[in-house]
Every structure is written in structure tokens, then in C-alpha cells.
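Me: I'm new to this one and would like to learn how to read it. Could you take me through it step by step?
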Amino acid sequence: MGMNDEAIQVTSLRKTYGDKHAVDGIDLEVHRGEVFALLGPNGAGKSTAVEILGGFRKRTAGEVTVLGVDPAHPTRQWRERLGVMLQSTSARSVLTAREALQHAARLYPNPRDVDESLAAVGLTEKATAKPQLLSGGQRRRLEVALAVIGNPELVFLDEPTTGFDPEARRQFWTLIEALRDHGTTILLTTHYLDEADRLADRIGIIANGSMVALDTPEGLRSRATDAWVSWVEDGATRREPTPTPTAFLRDLLARHDGEIPRLQITHPSLEDVYLDLIGASQADLDAAADEEVAA
Amino acid sequence: MSALETRPSPSWRSLVADRMVLELKEFTRSREQMIFIFAFPMIFLVLFGTIFGGQTLGDTDVTISQYFLAGMIATGILNTGFQSLAISLSIDRDEDVLKRIHATPLPATAYFTGKIAQVLLVSIAQIAILLMLGVLLYDVALPTDAGRWWTFTWVFLLGTAASSAVGIATSSLLRNGKAASAILTPVVLFLQFTSGVFFVFTQLPSYLQTVAEVFPLKWLAQGMRSVFLPEYFETQEASGSWEHPMTAVMLSAWFVIGLVVAVRTFRWMRSDDS
């Protein structure tokens, strides 16, 4: 089996533009059949990394294998096994949804059925509509159908739900879960935490071009040790972190008679962990910048 | 699974055919392309025919409309090859349409062959309609000897090759798809005014003639005149000759320059860092 177990293998990937490090030493393995989410704020380097993996950009340094092939030298056979959904959508096409899928299907040796694909993304009724007549969410769903029309082993989805309303995002997630159940390996980038939490087997958090954490959603959640206790005292809201909320509460109760207004214990969400990681990375960067100025 | 994986990839020819059909759909369904590229020479042929009527040139019996017919055929080739390709490729690059194509298994050779096939088919339809208008409205007699049709064939093919190659090259040099039309339309207009399309070439100031001789449209128009105007009209040309060898040299040179620049500068993405 060996390296064939991994859909994607990345070692010390770097991409620099002048003296800017867009991707600054990323290590990553995505297993076959896995849904992997690259999570990070805008400009963190997610799209650059995915564009290198998808064979669109050349890397500055590092080792990259995608489905056993170096994406710096994309071949037709490799592209036949890969599906890509780009971030941007063009509404200019004059092809109907069905025509677009029919033309795309003819590029692959083993395509999916066009009408089944339309049904899978809920566009059967819009089959004869041109892109201008589709809503943003419908156009993105068509893009997913186009990305997987060739029956790919691996799909890249670059910020697939940016700009969606909550309902459209939920529909979209169901679509991605159906793909995963079909056995497709999925690498998606997102800056929505709940999306990564809901869809991904593992999450890689990218900030300033570096991977600051790589774990399962549960693993990331368990990184937060402190709980927050909050209450109102003398008219002011107080909020304290504590690794031992029970002991903290016992002390608090001992100091107060009767009802403590607005007493609350909250355990950190994945979002808190995420913001901590992103914040720490940003603080490191700021400190480094300060040092540079001082020097 | 393994049974599916052994299926062969689609053949190159079927990819080209499908791509050509798709390009034709995109061209014919675009109002801008159909008016400003396809119908443009026909509109101007009829417009000039109406204005200048049956005026003849000098002491010949060649009418201005007949003279312009050859020019409109030439400019149709330039519109469809150069202007249309340069603008549509720039916009497609700007809107990530090219990047999307690059993400599929479609070989670049099949993509470009499909595009060139579309240019050829659109040009042939355009020329057929222009000739029909010429025969019906302006008493143009279609050539009956094989020699003239041979001239037509090589001038048409070399002109299309040069226009398309320079068009693809130009699309890479334009930074912005939205500006492509605004930048290229005046360039094409300038060539049309100076190359014997909208005016009789020999009536232009000689310095303008000299400028136009550098560019392919002058040679395309002169080549088409040699096909569709009477043989004796050759003496009315600037040099007193159809200059076929020079026409072949100039169109070939533009083709080679365009091809070299196109191959060296073509990008699938807006910004390329490879």
C-alpha cells in the first residue's frame, strides 16, 4: 500500500512572493475517504495552498504529492481523477445548467449521469436555466456538480459556501456529506468554523501561512481547559476563567448569601479555541514585527 | 471500481469536436459577438453601398461597393480572428473561465484547436454572406477559375492564422479583460481606415500607406481584391501589382510573431507566478 494510502502528502510546503510568505512551511496528510478542512481567516494562505495542490501554482519549496503525482506537473490522467471547485463563479456563460454538465461530462472517461447529478444538487427544475437566472446558491451548487461530474477520487472545494444564507449552507452541507458517503476524499477550505466542525474528520487551522493546529474537531475542543464563570456583582458583570469551575463556584457561593444574579458557567466552544489559536499566531507576528522595528 | 478505471479517456478528436460545438454556442449566443464581430462587415458593406451607390473607381468599371466587398471580407477575418479572440480570451481569463478549463482534463491542444475551428467556421459563414450580398446587390461576379479560388484559400487561411495567433498573444498582454474592448476597437478602426477597407487605399496619403503596409490587414484586403476584382484592376494598386509573394511573406511573418508571443505568454490564470 505505502504512499497510496494518502490522497495528499505535503512536507514543508512554502510559497513566497518577494519577501512575503504566503505559505510558510506546511506539513499535511489527507487520508483516502477523509473530509479535511483547512480553516483560517482571509489571507491566511488557504487558497494559495489549495492552488498549489490543484496544479495551478508552482511552489517555492517543499514536497507535494496529490494522488501519487506531483501537482507541479499536472497530467491529463491526473486531472481525470481530480475535481476542483474554484472560489469564484462566472455568471457570463451562455450554457444552460444541463449543457454545462453535458460538455463537462464528455471530458472524462467515467462520468456521472448528468440528470442524476442535476438531481443530486437540487437543480432538476433549473436544468434549462442559464447561469444569470440562477441564484448565487444555485450557481454554487452547479459548480459542485461540475466539480464531481468526472467521478473524482479527490475533490478540492475552495470556500464553497462563502456568501450563502444559513439555509443554503445547510443544504450544501448535506450535499457534501452525500459525496463523502460515496467515498470521495474531500479537501475544503473555509473560514466558517461551524462548517469545518460539521463536515470535517480533521481540521487544519492556518494562520499567517502556517499550520497552527491539526486535529479532529473533538481534539481541538478538548484543548480548551479553562471554563468561564460569570455573574453580576455590585451591578457589574464579572467573568473569570478557571480550570476547576466546581471549586471556583464553591468559593463563590461561600462569599455570597442568597441568589447570585446571572450566574453562568460556560465551557469554551470550538470557536474560542480557534480564536485563541489565530490570536496567538497574530500576537507572535506582531511581536516579531516589533522586534524588527526595534532592531 | 477496477472495471471502471480501465475505461479509455475520450479521444482527442471527440474533445476537439465537442469544444468546437461549445465555442460556436458561446459565439452565436453572445449578442456582442454577433453584432460587433459577425454582422459588422455586412452592416458596413450595405451602409457604404447605399452612400456611394454605383460610383466607379477612376476610369475602370469597378464600383466602390465591389472594392469594399474585398475589404469587408478582409476585415471580417481580422474581426473574427484577432478582435474576437483577444477580447473573449481576456474576459475569460479575468473571470476565471480559463482557470476552470485548466482544472479539467481537457488538453490545451484540444482547447485551442476547438477555438481555431470555431474561428474558421464563423469566418466562412461571414464570407459566404458577404459574397451573397455582393452578388445580389453589387453585381460582383464570383471567380470561375481554380487559380483565383486557390489564391482565396491561402490568403484566407494565412490571414486567419495570423489574426488568431496575434489575437491569442494580445489577450495575454492585456492586463484587464474589461478594458480589452476599449483598447482594441480603436486599433482595429485605425487599421480599417488605413488598410483599404473603409477608403480606397491609393487615395490615402502615402505616409499612411507606409504605416498600413506594416500590418496584416492591408495585405489581407489586397489579397482579397486580387480574388474578387477584375484582373486589369491590378494596375490600379499602389505598386501596380497584387504582390502575392509579399502578401504571403507579411501574413506568415505576423503568424510566426503572434505564435511565438502567444506560446511564451499564454496564462490560464489572471496572475501567474510559475
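Me: Let's begin with a sheet. What is the order of the three strands in the open sheet of chain A?

Reply: Keep in mind that this is a predicted model. To read a sheet, list its strands as they sit side by side. Here the order is 2-1-4, and the pairing is antiparallel.

Me: Which strands stand at the edges?

Reply: An edge strand is one with a single partner. In this sheet those are strand 2 (20-31) and strand 4 (61-66) of chain A, so each has one side without a neighbour in the sheet. From one strand to the next, the twist averages 15°.

Me: How many bridges join strand 1 and strand 2 of chain A?

Reply: Strands count as paired once at least two bridges link them. Strand 1 (residues 6-17) and strand 2 of chain A have nine, running in the antiparallel sense. For one such link, look at Arg14(A), whose bridge partner in strand 2 of chain A is Asp24(A).

Me: Which helix packs on this sheet?

Reply: That's helix 1 (residues 46-53) of chain A, which touches strand 1, strand 2 and strand 4 of chain A. To describe how a helix lies, compare its direction with that of a strand: for helix 1 and strand 1 of chain A the angle is about 120°.

Me: Now zoom out. How many helices and strands does chain A have?

Reply: Chain A comes to 10 helices and 12 strands. Of its 295 residues, 37% are buried.

Me: Where does Asn151(A) lie, and what about its phi?

Reply: Phi is a backbone angle, and its sign is what to check here. Asn151(A) isn't a glycine, yet its phi is positive, about 60°. You'll find Asn151(A) in the loop between helix 5 (136-148) and strand 6 (154-158) of chain A.

Me: Why does Asn151(A) count as partly exposed?

Reply: Count the C-beta neighbours inside 10 Å: a residue with 20 or more is buried, and one with 12 or fewer is exposed. Asn151(A) has 18, so it counts as partly exposed. Try Asp139(B) next: it has 12 such neighbours and therefore counts as exposed. Asp139(B) also has a positive phi, near 55°, and lies in the loop between helix 6 (108-138) and helix 7 (146-173) of chain B.

Me: Last one: how many residues does each chain bring to the contact?

Reply: For a contact, look at each side in turn. Chain B brings 26 residues and chain A brings 22. On the chain B side, helix 2 (12-28) and helix 5 (97-102) each supply at least two residues, with helix 2 of chain B giving the largest share, five residues. By class, that side of chain B has 11 nonpolar, five polar and 10 charged residues.

Definitions and conventions
Residues numbered from 1 in each chain as written. Chains lettered and ligands numbered in written order. Predicted model: local features only at pLDDT ≥ 70, side-chain atom pairs only at ≥ 80, totals over all residues. Contact = placed C-beta atoms within 7 Å. Helix = DSSP H or I, 4+ residues; strand = E, 2+ residues; numbered from the N terminus. Nonpolar A, V, L, I, M, F, W, Y, C, P; charged D, E, K, R; others polar. Axes fitted to C-alpha atoms, helices over the stretch in contact; angles between N-to-C directions.
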